[in-house]
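Me: Please take a close look at the helix packing in this model, and set out how far the model can be relied upon.

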Amino acid sequence: MTPSVSQISTIRRAEPALDRRLFLALGLAGLGGCAMPLFRGQSPDLDGTTEDEKKAEVVGDYARPVGLGTVKLESIALVTNLDNTGSDPPPSEQRQILIGEMQSHEVRQADKVLASPTTSMVFVRTYLPPGVQKGDPVDVEVRIPLRSETTSLRGGWLMQTRLRQMEVMGGTTLRGNIDGLAQGDVMVDAVFEGSTDKVLETRGRVLGGGTSLISRELGMAINKSDASIRISVLIGKAINQRFFTLDSGVKKGVANPERDDFLGLTIAPRYRHNLGRYLQVIRNIPLRENPVDRVERLQLLEKKLLEPTSSALASLQLEAIGTEAIAPLKSGLRSSDAEVRFYSAEALAYLDQPEAAAPLAESARNESAFRWHALTALSTMTHVAALDSLSDLLHVPSVETRYGAFRALRTRNPGDPTTRGEALDKKFRYHIIPTTGEPLVHVSRSRVPEIVVFGHEQKLRNVKLLHAGKRILIMPMENGDLRAGRYDPGQDTVYESFPAELDKLIRTIVKMGGNYTEVIQCLQEAKQGGCLEGRLAVEAMPRPDRRYYREDDPAESPEDKSPEGESPETGSTPDSGTTLADRRASTPSPELFRDNLRGPQSELAAKDESKAIPGGTYIDPDYVPKKPTVLDRLNPFPKKNDQ
């Protein structure tokens, strides 16, 4: 006889330790090679749940998300087109694997190709994030093997290589199925650092050069003690009443009860760049609630929403209810507390309410702890109010806010004339954004080669000599213009004159055969020589790991102790150094600005993040230290859900 839901709940509460062990087993089984958890735990006394709220059974009482880690793919590959900086790899198992790969691509005389100084054997690695779909692009990282004599990968081309899960057991490399492909221009780390460091010359990445050949399954695993067809169907019905996708214009629920202990999940379109929030909202969806109980819980959650210490969790719970929660969430927008306004607006944005736009823009402008989340939320909205708010943020002082708003606009509508830009000679994306703010040039190091110029009439001043790679030189002329010359051995020198304008400089370098790497090198030299009017920023993006400091908290003041993560390099320029403080919002970190090669899952990442970030993560100009609060420890995800 199948136990009732109330009996199941009693059993579950009586055996919390067993439940945690079962959940851990389910989570590990679902990850299958995953390296990084999506959720962090917290102590039970900080979950913000009262006895009254526990009466409402939610999806998270019976099911836990699985498939949340990253999958590492690797290969041994060949880089060609090097300027005599390659090497012949010594005899090894890796060399034999590469020769086998080359022969499978019908490359003749593989040993002769490997012996050429224009080629190098390399290791390639990438990470497939949770929810990745077949055909999605990812960045890949490239480095030379130990004891390789290759001196630089600059200017190289990664030949197409097949990516697999790989493990070394008993001295033998075991390779799995082909789960990805990779090829493209190698951007060495030294280019973004503006350095000639020998190590940085032999490692780099191919931006967007990887392609996933698989779709990773995402789902909800039902606790073993609760597993039954009835519970699986009940959970699926509750989720599908809240979320759906459109298949050829027909509504289709996102949850598919596949077994008595598992439901497959499709990502709702509005959450495609915030998978963590999507799963947490699903976990808070009520299983069944009569109208009277629903009204009472809405009233209770509205009170909790207006309290800063419980606002984060209450906003998620209200968002899980759906349109009925819009009115309580709008009451949070009228709060005098910045936290309450932010969490209320964030939830309303995922319900596509136009009133959310202005408070989110305010949060992005004034509070770096909420910036990543606010910009992501704005990018999900279809209302014109979100477009106006993001457009206004293109002109603020904060560099990361300006570029973050640009990326949010591109994500929201790639065809928007403001951010559409152009592909210069099919080598990189180029955008010019008219702005009332300070002139700025932003260079991308993830996802896609991209240069964004804020300020369409930027001039170059006091140019003496600029290099764009080894072949292109830019020199001043007597009339104030500039002249670029391309010097190729055995060929006549080609010259091109142009006005001393930044836009003309970039276009001329590309016209003369320069690529993304060479344009960046020239910009770096121009910045160092004081030739640029404004800032030059490399991968200046909002960060998710910043803590929020409440002004009225009784904790020790910044004068007594520097905020956690504060850099001692407070005197560095806005284009170098490290971020002053580590502040974070108490909701899941979205993926809109995430670099899939950065973070603890990447074994190639340097231990010193401040040195690993190309060009340095600048000190955000609008940072003001505030007092820490209990919100630093608040996380709306129960500890037992930590995988």
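Reply: The account below begins with confidence, proceeds to the helix packing, and ends with two loop residues.

The model is predicted, so local features require pLDDT of at least 70 and side-chain atom pairs pLDDT 80 or more, whereas totals for chains, interfaces and linings use all residues. Residues are numbered from 1 along each chain as its sequence is written, and side-chain values use heavy atoms, without hydrogens and water.

The protein chain has an average pLDDT (the predictor's confidence in each residue, from 0 to 100) of 79, and 78% of the residues reach at least 70. Residues 1–54 lie below 50, with 104 contacts (heavy atoms within 4.5 Å) beyond near neighbours in sequence. Residues 599–643 also stay under 50, and the model gives this stretch 149 contacts beyond four places in sequence. Where pLDDT is low, the predicted coordinates should not be read in detail.

Helices (DSSP H or I runs of at least four residues) and strands (E, at least two) are numbered from the N terminus. The axes of H8 (residues 275–283) and H10 (residues 311–321) come within 8 Å and cross at roughly 75°; the pair is therefore roughly perpendicular (65 to 115 degrees). H8 contributes Arg 277, Gln 280 and Val 281 to the contact, and H10 contributes Ser 315, Leu 316, Glu 319 and Ala 320. By class, these are three nonpolar, two polar and two charged residues.

H15 (residues 384–392) and H16 (residues 399–412) pack with axes 9 Å apart at about 150°, and are therefore roughly antiparallel (over 145 degrees). Val 384, Ala 386, Leu 387, Leu 390 and Ser 391 of H15 meet Ala 405, Ala 408, Leu 409 and Arg 412 of H16. This contact divides into seven nonpolar residues, one polar and one charged.

H11 (residues 326–333) is largely enclosed by the rest of the structure, because six of its eight residues are buried (under 20% relative accessible area). The buried residues are Ile 326, Pro 328, Leu 329, Ser 331, Gly 332 and Leu 333. They pack against H9 (291–305), H10, H12 (338–350) and H13 (357–366).

Two loop residues remain. Asn 84, not a glycine, has a positive phi near 55°; it lies between strand S2 (71–80) and helix H3 (93–104) and is exposed (over 50%) at 54% relative accessibility. Glu 539 likewise has a positive phi, about 50°, without being a glycine. Glu 539 sits in the loop between strand S22 (535–538) and helix H19 (609–612), and is buried at 11% relative accessible area.

Methods. Axes fitted to C-alpha atoms, helices over the stretch in contact; angles between N-to-C directions. Parallel < 35°, antiparallel > 145°, perpendicular 65-115°, else oblique. Nonpolar A, V, L, I, M, F, W, Y, C, P; charged D, E, K, R; others polar. Buried < 20%, exposed > 50% of the residue type's maximum accessible area, 1.4 Å probe, protein only.
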